[in-house]
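Reader: Please take a close look at one part of this model, the aromatic pairs, and then work outward to the ligand and the annotated site. A connected account would suit me better than a list.

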Amino acid sequence: MSEQERTFVMVKPDGVQRGLIGDVISRFEDRGLKLVAAKFKQIDRDLAEEHYGEHEDKPFFDGLVDFITSGPVMAMVWEGQDAVRQVRGMMGETDPAESAPGTIRGDLGLDLGRNVIHGSDHEDPGSNEREIELFFDDEELVDWERVDETWLYE
Ligand code: DAT
Ligand code: MG
């Protein structure tokens, strides 16, 4: 098996309200990624501002923080080969309108400000570790083997 990677994923409040948690989880499970942590929670403003800190100077920052704190989210950690980049590929583009059919945002969304899912960015190395640490304690990350792992990897 080649090197495994962990990535932080979050179904945003719109995805939760629209009943899309199961669909999103199914896509990652079916792909062969392994769930190693999950937490259904209401994010407070401090956590939201830290999580989206890279965007604090952008005009959409306050609206983004309002939105991400407007209802519960499903925060998760998924593990697998090249997981950060593969999950971003499955998510589609930031704007659902520019996202290909078959991607999460391309299948499930229409509007930039309601794009269903967050995933760590492979173009920002270390963002996965940083985001995982922000949302989860070490002991909440579960080490386990999927029974089909020998069939998922050469
Ligand atoms: P991504 O979520 O694809 O990593 P990002 O990190 O650039 O995208 O932005 C974080 C979120 O902020 C994004 O999911 C939706 C929102 N956003 C980004 N650009 C925006 C814009 N120009 N106007 C309004 N919201 C925006
Ligand atoms: Mg981003």
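Author: Rings of Phe, Tyr and Trp, the last by its six-membered ring, are taken as a pair if their centres lie within 6.5 Å. By that rule this structure, which is a predicted model, holds three aromatic pairs. One of them joins F8 and F136, with ring centres 6.5 Å apart and planes at 65 degrees. Planes over 60 degrees apart count as edge-to-face, so the pair of F8 and F136 is edge-to-face. This pair links distant parts of the chain, since its members are 128 residues apart. F8 sits in strand β1, residues 4-11, while F136 is in the loop between α7 (127-135) and α8 (149-152).

Both members of the pair can be placed by their accessibility. Buried means under 20% relative accessible area; F8, at 0%, is therefore buried, and F136, at 4%, is buried as well. Ring pairs also bring in F135, so that F8, F135 and F136 form a cluster.

F8 leads on to the annotated site. H118 is in contact with F8, and also with V9, M10, K12, H51, Y52, M91 and E131, once its neighbours within four places in sequence are left aside. The UniProt annotation "active site", from an unreviewed entry, covers H118. H118 lies in strand β4, residues 117-119, and with a relative accessible area of 9% it is buried.

Two of the contacts of H118, K12 and Y52, are also among the residues around ligand 1. The others around the ligand are H55, F60, L64, R88, T94, R105, L112 and N115. Three of these side chains place an N or O atom close to an oxygen atom of ligand 1: H55 at 2.8 Å, R88 at 2.8 Å and R105 at 3.0 Å. Taken alone, ligand 1 exposes 520 Å², and the protein buries 73% of that.

A last residue, D62, gives a contrast in accessibility. D62 is in helix α4, residues 61-68, and L64, one of the residues around ligand 1, falls within the range of that helix. The relative accessible area of D62 is 53%, and exposed means over 50%, so D62 is exposed, whereas H118 is buried. The C-alpha atoms of D62 and E49 are separated by 8.9 Å, with their positions 13 residues apart along the chain.

Definitions and conventions: Residues are numbered from 1 along each chain as its sequence is written. Chains are lettered from A and ligands numbered from 1 in the order in which they are written. This is a predicted model: local features need pLDDT of at least 70, side-chain atom pairs count only at pLDDT 80 or more; totals for chains, interfaces and linings use all residues. Side-chain values use heavy atoms; hydrogens and water are left out. UniProt positions are given in the numbering used here, feature names are shortened, and annotations may be inferred rather than shown by experiment. Helices (H or I, at least four residues) and strands (E, at least two) are DSSP runs, numbered from the N terminus. Buried means under 20% relative accessible area, exposed over 50%, partly exposed in between (1.4 Å probe, protein chains only). Contact means heavy atoms within 4.5 Å. A residue is near a molecule or strand if one of its heavy atoms lies within 4 Å of it. A polar contact is a pair of N or O atoms within 3.5 Å; within protein, one must be able to donate a hydrogen and the other to accept it, and residues adjacent in sequence count only if both atoms are side-chain atoms. Accessible areas come from the Shrake-Rupley method with a 1.4 Å probe; for residues, only the protein chains shown count as cover. Rings of Phe, Tyr and Trp (its six-membered ring) pair if their centres lie within 6.5 Å; planes under 30 degrees apart count as stacked, over 60 as edge-to-face and the rest as tilted.
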